[in-house]
Amino acid sequence: MDIGMVGLGRMGGNMAARLARGGHRVVAYDRDPDTREHAASNGVETADTLEHLAEQLAAPRVVWVMVPSGNPTEGTMSALMEVLEEGDIVVDGGNAHYKDSMRRGAEFQRRGMAMIDAGVSGGVWGLEDGFCLMVGGDAEVVAKVEPCFRTLAPSAEDGYAHVGPLGAGHFVKMVHNGIEYGLMQAYAEGFELMRAKDFFSLDMAQISELWGHGSVVRSWLLELTASALKEDGTLADIEPWVEDSGEGRWTVEESVELAVPLPVISMALQARFRSRQSDAFGFKMLAAMRNQFGGHAVRRRG
């Protein structure tokens, strides 16, 4: 199956490469020519404009968008509306707000095109391990793109689900990321408490590795924590500054709108705000975890 890819950041580039490895013809566009050149080395054809991208794909086209939420997504979607044609399908795999996805999908539909919203989890590890895909959209439209979803997933049977109508994919991904905030915060607080017990001189790297084998708190996040602590057991060169990329805020806002209490996720979000005003090991842990799973930048000392 042919597919266009717009946006070749770390995740988008890995997705394009995994699709190409899976036997799909991928034509990709990114504003950065060096990024396009790197994609070409992974078996991906490239285009230097969106118009060129559309010209290289046979109709009906499938174009997957992997750009940051907000204005970059808004601008890209508006531009695609002008270069694509009736019957084409756009998949938004970024972390857009689900209400924005529903609005954009309605506009594509008015123009005779279709849109799918795909929540994507897997970070920088997805090229080799596969991506978890939470997909929203019309069932008939989703079925047309399903070969791509199954190629991107960890296996043809697991890691991909059509979770509901348009908007549902990004809604489920929003909640997924809110849960992630809570899990990360619990690990960070626990390790900070252990580190504070000077009497035992506990080895944080050793314990994080230990808990990954047979423990009820073992997880992929804990494996990534162990990797970060193996590199630097004190995280001395990391600033305790933890960003929030939007989904946690949206999850908390949704809880207010629906009157559903989310105390753990809400406090985890507030803790990220606090991280920007203090110097604590737990916040360094949060920053290190985000860097491990998503390649998110950390602030270094010096």
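This is a short walk through three spots in the structure above: some aromatic rings, a pocket and one threonine.

Okay, so keep in mind that this is a predicted model. Let's start with the rings. There are five aromatic pairs in the structure. Take Trp64 and Phe149: they sit edge-to-face, 5.7 Å centre to centre, with 75 degrees between the planes. Trp64 belongs to strand β4 and Phe149 to helix α7, so this pair ties together parts that are 85 residues apart in sequence. Both Trp64 and Phe149 are buried. And Tyr160 comes in too, since ring pairs link Trp64, Phe149 and Tyr160 into a cluster.

Now look at Phe199 and Phe200. They also make an edge-to-face pair, at 5.3 Å centre to centre and 70 degrees between the planes. Are these two buried or exposed? Phe199 is exposed, with a relative accessible area of 71%, and Phe200 is exposed as well, at 52%.

Next, the second largest pocket. Its volume is about 150 Å³. The residues lining it include Gln109, Met113, Asp138 and Leu166. Two elements, α5 and β6, give two or more residues to that lining, and α5 gives the most, with three. By class, you get six nonpolar, three polar and one charged residues.

Last stop, Thr225, in helix α10, which covers residues 220–231. Thr225 is buried, with a relative accessible area of just 1%. So where does its polar side chain find a partner? A polar atom of that side chain lies 2.9 Å from the backbone oxygen of Leu221. Leaving out residues up to four places away in sequence, Thr225 touches Ser208, Met285 and Met289.

Key. Residues are numbered from 1 along each chain as its sequence is written. This is a predicted model: local features need pLDDT of at least 70, side-chain atom pairs count only at pLDDT 80 or more; totals for chains, interfaces and linings use all residues. Side-chain values use heavy atoms; hydrogens and water are left out. Helices (H or I, at least four residues) and strands (E, at least two) are DSSP runs, numbered from the N terminus. Buried means under 20% relative accessible area, exposed over 50%, partly exposed in between (1.4 Å probe, protein chains only). A polar contact is a pair of N or O atoms within 3.5 Å; within protein, one must be able to donate a hydrogen and the other to accept it, and residues adjacent in sequence count only if both atoms are side-chain atoms. Contact means heavy atoms within 4.5 Å. On a 1 Å grid over the protein atoms alone, a cavity is a set of points where a 1.4 Å probe fits but cannot get out, and a pocket is an open set with protein on both sides within 12 Å along at least five of seven lines; lining residues have an atom within 4 Å of a point. Grid points are joined across faces, edges and corners, and a volume is the space filled by probe spheres set on the points. Ala, Val, Leu, Ile, Met, Phe, Trp, Tyr, Cys and Pro count as nonpolar, Asp, Glu, Lys and Arg as charged, and the others, Gly among them, as polar. Rings of Phe, Tyr and Trp (its six-membered ring) pair if their centres lie within 6.5 Å; planes under 30 degrees apart count as stacked, over 60 as edge-to-face and the rest as tilted.
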